[in-house]
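Please open the structure in your viewer and keep the sequence panel beside it. The tour below goes from the whole chain to its sheet and then to a single residue.

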Amino acid sequence: MGCDVLLSSMESIQKDYLKLLKKYEHFDVDEVFSIQNECQIFWLRHKRTIDFFLNNYPCDFDTCVFIGGMYLNVASKALFPFLTFGKKHLSDDPVAMISANGSKEYLAEYLKMSIADDIDIIQNHSNRVIILPLSFLSVDKELCEIGARNSFWHLFGNVEMNEKKYFENFASVDDVIKCIGEDNGRPLFLKYDKPTLKERYLEHLNLIGFPIQEGRESVVQFYNICMGLFIQAITVINFCSQYWMFPFLRDDSLFGCYDLFLKNMLNRDEFAGLRPILNNAVILKQFYRLFVYEELDDLGAYLKMLKETAFEENVQEKMNNQCVGCDKSGSFAKVNTILIEEMQKRKMPCVVDF
């Protein structure tokens with residue numbers, strides 16, 4: 001009964017938000033930030049209801065949340081892997097958290113795709129996914145920024161670093177990368193199959209459409225790009241640990257930072273209770289890498305198969321029986337083996353030579 005009331009309140013908010021989004025299916029470039037402001041004001045009006053929902057809706061690690069600075073992209077069938085694990089599913093509203101970094105043209109294109117994605121979810125999948133401004137309303141931004149800066153300075157190893165020294169001592173991004181070193185920089189920009197940090201970083205800039213700066217401007221640019229990743233990773237950890245949910249992280253670079261941060265936290269006894277967050281996030285990330293979900297068409301039939309064959313339960317049971325803990329070194333290969341075995345049993349399209 002209690003959950004029904006909570007869901008009814010969310011259903012009403014989703015319908016109202018859909019009306020707002022439909023006003024901006026088409027807009028001019030100069031309207032980017034005014035549209036975002038209007039959407040943020042909408043969410044602020046419902047903050048108390050959303051806070052009540054998040055604090056009272058039972059989660060206990062059975063809720064999967066898509067969070068981490070991007071839109072879900074329903075058109076690419078990203079709902080197939082997202083809905084595979086977890087009994088409940090929340091998606092962080094990308095419209096509410098567009099960054100001011102980047103050209104208006106770039107942000108306008110991103111906003112256009114984000115709005116279309118939100119509309120698709122609410123119109124066609126609201127019975128499975130709830131859109132909420134999770135990182136906008138529910139995360140201590142100042143705390144995340146402090147944690148991100150400290151994590152960035154930690155990249156420099158034994159070299160004592162702070163903001164003043166960073167911007168005064170380095171003349172180019174090459175100086176920065178040399179000081180960090182390849183070992184310390186290994187978690188950065190993991191989605192690019194390049195041997196050096198510099199190559200991966202440049203490919204990242206190219207993908208997101210940012211021009212490569214020179215000289216001291218490149219030092220500032222590297223700092224901003226890395227800080228963006230670190231803030232996203234800490235935001236995910238902050239939110240998921242507060243509400244006992246686990247994340248769906250598609251981006252390899254973000255996942256690398258998240259994995260590094262959380263493993264470091266788990267070395268301390270007081271954070272031992274967060275282990276299921278990392279375990280579930282790693283299982284879902286590895287599943288996303290193995291699963292050729294683009295080959296499937298019928299989401300309803302797929303979800304029915306998962307339920308009837310207890311896919312998630314069997315994966316978790318094997319993880320427990322084989323004592324596979326994702327905070328242990330080298331455990332990703334064991335996770336892959338378990339996932340591939342269970343996927344092949346169900347004839348799920350799978351990349352086996354991963």
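What follows is a list of stops, each with something to select and a note on what is there.

Before selecting anything, note that this is a predicted model, in which local features need pLDDT of at least 70 and side-chain atom pairs count only at pLDDT 80 or more, while totals for chains, interfaces and linings use all residues. Residues are numbered from 1 along each chain as its sequence is written, and side-chain values use heavy atoms, with hydrogens and water left out.

**The whole chain**

Select the protein chain and show it as a cartoon: it has 16 helices and 4 strands, where helices (H or I, at least four residues) and strands (E, at least two) are DSSP runs numbered from the N terminus. The radius of gyration, taken over C-alpha atoms, is 21 Å, close to the 20 Å that the globule rule gives for 354 residues, so the chain is as compact as a globular protein of that length; the rule itself is 2.2 Å times the number of residues to the power 0.38. If you turn the C-alpha trace along its principal axes, it spans about 60 × 50 × 40 Å.

Now switch to a surface view, where the accessible surface comes to about 17,100 Å², with 51% of it belonging to carbon and sulfur atoms; these areas come from the Shrake-Rupley method with a 1.4 Å probe, and for residues only the protein chains shown count as cover. Of the 354 residues, 51% count as buried, that is, under 20% relative accessible area, as against exposed at over 50% and partly exposed in between.

**The sheet**

Next, select the 4 strands, which form an open sheet in the order E3-E2-E1-E4 with parallel pairing; two strands pair if DSSP finds at least two bridges between them. Strand E3 (130-132) and strand E4 (246-247) stand at the edges, each with a single partner strand, so one side of each is left without a neighbour in the sheet.

Select residues 63-66, which make up strand E1 and are joined to E4 by 2 bridges. Here Cys64 stands opposite Phe246 in E4, and Val65 stands opposite Pro247 in E4. Towards strand E2 (residues 88-92), E1 is joined by 4 bridges, with Thr63 opposite Lys88 and Phe66 opposite Ser91. Both faces of E1 are covered, since Thr63 and Val65 on one side and Cys64 and Phe66 on the other are all buried.

Move on to E2, where Lys88, Leu90 and Asp92 on one side and His89 and Ser91 on the other are all buried, so that both faces are covered. Between E2 and E3 there are 3 bridges, and the two strands run parallel; select Leu90 to find Ile130 of E3 opposite.

**A single residue**

Finally, select Ile121, which is found in helix H5 (residues 104-125). Is Ile121 buried or exposed? Ile121 is buried, with a relative accessible area of 0%. Leaving aside its neighbours within four places in sequence, Ile121 is in contact (heavy atoms within 4.5 Å) with Leu72, Val74, Ser126, Val129 and Ile131. Among them, Val74 is 47 residues apart from Ile121 in sequence and 7.3 Å apart in space, C-alpha to C-alpha.

Methods:
Buried means under 20% relative accessible area, exposed over 50%, partly exposed in between (1.4 Å probe, protein chains only).
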